[in-house]
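Reader: I've got this one open on my screen and want to talk it through with you. Mind if I just fire off questions?

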Amino acid sequence: MCEVKIVRATSCDSATAEAITQLLAQLTPTPHHFTERELSEVISDPSSALFLLWEECKVVGMLTVGAYLSPTGRKLWIEDVVVDSAARGKGYGKRLVEHAIEYARTFSPCTLMLTSNPARIAANELYRASGFQQKTTNVYRLSL
């Protein structure tokens, strides 16, 4: 049986950056070549926690949790959740989300949030099954 573990990224190397690039290509229609420099920036940012899911010696999934404090309380966001297509169906997405929830509990009291494209049916089902409730809101984006 494969050893599977989720670890917070704490060091950067080209292999990890390339693995993230491959995962991002499966997450977004506008993939981005993720560099070692960007990995270093994410790792060194105290408000970001990048978690990598390893199967044996290969990164097959990831997610990021970002945290900030506002007048209405501490907020954490789950971002960039993806499991490699070859590793799907093994419950890895669920493991990543559960890991993020446990991580967020260390900031309690807080609100943990995420967004998901409605077309990602399995992901949306996972989030609901994990206890997330859909919020009626509009999401706006301005790329600067």
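Reader: Which elements each supply at least two residues to the lining of the largest pocket?

Author: Those are α1 (14-27), α2 (36-44), β2, β3, β4, α3 and α4. The helices (H or I, at least four residues) and strands (E, at least two) are DSSP runs numbered from the N terminus. A pocket is an open set of points on a 1 Å grid over the protein atoms alone, where a 1.4 Å probe fits, with protein on both sides within 12 Å along at least five of seven lines; lining residues have an atom within 4 Å of a point.

Reader: Before I get carried away, what kind of model is this?

Author: This is a predicted model, where local features need pLDDT of at least 70 and side-chain atom pairs count only at pLDDT 80 or more, while totals for chains, interfaces and linings use all residues. Numbering runs from 1 along each chain as its sequence is written, and side-chain values use heavy atoms, with hydrogens and water left out.

Reader: OK, back to that pocket. Which element gives the largest share of the lining?

Author: That's β4, with seven residues. The lining of the largest pocket has 43 residues in total, and Leu 27, Asp 80, Val 81, Val 82 and Arg 120 lie nearest the centre.

Reader: And what volume does the largest pocket have?

Author: About 1,400 Å³. A volume here is the space filled by probe spheres set on the grid points, which are joined across faces, edges and corners.

Reader: What about the second largest pocket, how much space lies in there?

Author: About 840 Å³. The second largest pocket is lined by 25 residues, and Leu 114, Phe 132, Gln 133, Gln 134 and Lys 135 are the closest to its centre. Elements giving two or more residues to that lining are α3, β5 and α4. The largest share of the second pocket's lining, four residues, comes from β5.

Reader: You named Asp 80 in the big pocket. What is the phi of Asp 80?

Author: Phi of Asp 80 is near 55 degrees, so a positive value in a residue other than glycine, and Asp 80 sits in strand β4. For background, most residues other than glycine have a negative phi, and most peptide bonds are trans.

Reader: Is Asp 80 buried, exposed or partly exposed?

Author: Partly exposed, because the relative accessible area of Asp 80 is 37%. Buried means under 20%, exposed over 50%, and partly exposed in between (1.4 Å probe, protein chains only).

Reader: Which residue in the loop between β2 and β3 also has an odd backbone?

Author: Glu 56 is in that loop, and Glu 56 has a positive phi of about 60 degrees without being a glycine. Glu 56 is partly exposed as well, with a relative accessible area of 44%.

Reader: Now the cis bond. Where is the cis peptide bond?

Author: It runs from Ser 108 to Pro 109, with omega near 5 degrees. Pro 109 lies in the loop between α3 and β5.

Reader: Since you mention α3, which of its residues are buried?

Author: Tyr 92, Gly 93, Leu 96, Val 97, Ala 100, Ile 101, Tyr 103 and Ala 104. An α-helix has 3.6 residues a turn, so residues three or four places apart point the same way.

Reader: Changing topic: how many aromatic pairs are there?

Author: Three. In one of them, the rings of Phe 51 and Tyr 103 have centres 5.1 Å apart and planes at 70 degrees, so that pair is edge-to-face. Rings of Phe, Tyr and Trp (its six-membered ring) pair if their centres lie within 6.5 Å; planes under 30 degrees apart are stacked, over 60 edge-to-face, the rest tilted.

Reader: Why does the pair of Phe 51 and Tyr 103 tie together parts that are apart in sequence?

Author: Because Phe 51 lies in strand β2 and Tyr 103 in helix α3, parts that are 52 residues apart in sequence. Phe 51 is buried at a relative accessible area of 4%, and Tyr 103 is buried at 17%. Another pair is Tyr 127 and Phe 132, edge-to-face because the ring centres are 6.3 Å apart and the planes are at 75 degrees. Tyr 127 counts as buried at 5% relative accessibility, and Phe 132 at 17%.

Reader: Which residues form one aromatic cluster?

Author: Phe 51, Tyr 103 and Phe 107.

Reader: Last one. Where is Val 139 found?

Author: In the segment after α4. Val 139 counts as exposed, at 62% relative accessibility. The C-alpha atoms of Val 139 and Thr 115 are separated by 8.7 Å, with their positions 24 residues apart along the chain.
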